[in-house]
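Hello,

Here is the structure I promised to pass on. Have a look at it first, and then read on for what turned up in it.

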Amino acid sequence: FFAFISTNTPHGPLVAKDEDEVALKKVLAQPEFAHLDGELKSRLADYLGMIRNIDTNMGAMIKFLSDEGLRDDTILIFQTDNGSIMGPHYYNAGMRGQKTELWEGGHRVPCYISWPNGDLMDTQDIHGLTQVQDLLPTQHYLCDIPNEAKFDGMSLASILRGRAVVPEGRMLVINYS
């Protein structure tokens, strides 16, 4: 079976579940966040609270798959759709820009691929330029699905199995209008 779960979170309106907002307000009250003003802390509590809820639900889904004996044979992919709108206000991982901007902070996203029985490398960063269009050819290859089509992306399967690296000269052209 195939399941694609696309959430609205953490997009606007930024409204976190009460327990997530309370947990984040508690974290943001700690001394290391004293430099952030109250309005920003309030917005962050909602924004990061929504992310906390995603984490909680990903954990629940992984537990369900494990409990049902499906986890080891399930390819799990988690990816976001764009850079953070809040990142530059508190932590942007050394990147410039935010959502809707062409800088790395506007379009660089996390992508997590896991498949316990898939002979993938242990969890680690993959260096090099990859994109969302790489996921379809990767899944075709991993699932050994015959394919005659030409994809815009490339399969990352050999990279995820530690047998190759992302080509150094790869270039992506992005149009943002």
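**The main core and what surrounds it**

The largest nonpolar core has 10 residues in all: Ile113, Trp115, Leu120, Leu135, Leu142, Leu156, Ala157, Ile159, Leu160 and Val166. Two elements give two or more residues to this core, namely α5 (135-142) and α6 (157-160). Of these, α6 provides the largest share, with three residues. A second, separate core has nine residues, including Leu24, Leu40, Tyr47 and Met86. As general background, nonpolar side chains in soluble globular proteins tend to be buried together. Please keep in mind as you read that this is a predicted model.

Two members of the main core are good places to zoom in. Ile159 is in contact with Met121, Ile126, Met154, Ala164, Val165 and Val166, if you leave aside its neighbours within four places in sequence. Ala157, found in helix α6, has a relative accessible area of 0%. Because anything under 20% counts as buried, Ala157 is a buried residue. Its contacts, again leaving aside neighbours within four places in sequence, are Thr138, Tyr141 and Leu142. To get a feel for distances, try Ala157 and Leu44: these two are 113 residues apart in sequence, and their C-alpha atoms are 36 Å apart in space.

**Helix α1**

Next, please turn to α1, which covers residues 18-28. Which residues of α1 are buried? They are Asp20, Glu21, Leu24 and Leu28. Seen down the helix axis, the buried residues of α1 fall within an arc of 95 degrees, so they line one face of the helix. That buried set packs against α2 (38-67). On the other side of α1 you will find Asp18, Val22 and Lys26, which are exposed. Leu24 also belongs to the second core mentioned above.

Asp20 deserves a closer look. This residue of α1 has a relative accessible area of 3%, so it is buried. Not counting residues up to four places away in sequence, Asp20 touches Gly49, Arg52 and Asn53.

**A patch on the surface**

Moving to the outside, Phe1, Phe64 and Leu70 make a nonpolar surface patch of about 370 Å². Is Phe1 buried or exposed? Phe1 is exposed, because its relative accessible area is 83% and the cut-off for exposed is over 50%. You can find Phe1 in the segment before α1.

**The chain as a whole**

To finish, here is the wider picture. The chain has six helices and two strands, and from the N terminus on its elements run α-α-β-α-α-β-α-α. Its C-alpha atoms fill a box of roughly 55 × 40 × 30 Å along the principal axes. Of the 177 residues in the chain, 28% are buried. The chain exposes about 12,300 Å², and carbon and sulfur atoms supply 54% of that area. Among contacts between residues at least 6 apart in sequence, 58% join residues at least 24 apart.

If you would like a route through the model, start at Ala157 in α6, go on to the buried face of α1, and end at the patch that includes Phe1.

Happy exploring, and best wishes

Terms used: Residues are numbered from 1 along each chain as its sequence is written. This is a predicted model: local features need pLDDT of at least 70, side-chain atom pairs count only at pLDDT 80 or more; totals for chains, interfaces and linings use all residues. Side-chain values use heavy atoms; hydrogens and water are left out. A nonpolar core is a set of buried Ala, Val, Leu, Ile, Met, Phe, Trp, Tyr and Cys residues joined through side-chain atoms within 4.5 Å. Buried means under 20% relative accessible area, exposed over 50%, partly exposed in between (1.4 Å probe, protein chains only). Helices (H or I, at least four residues) and strands (E, at least two) are DSSP runs, numbered from the N terminus. Contact means heavy atoms within 4.5 Å. Patches are made of residues with over 30% relative accessible area and no salt bridge: like charges are joined within 9 Å, nonpolar side chains (Val, Leu, Ile, Met, Phe, Trp, Tyr) within 5 Å. Accessible areas come from the Shrake-Rupley method with a 1.4 Å probe; for residues, only the protein chains shown count as cover. A salt bridge is a side-chain nitrogen of Lys or Arg within 4 Å of a carboxyl oxygen of Asp or Glu. The arc is that of the directions from the helix axis to the C-beta atoms.
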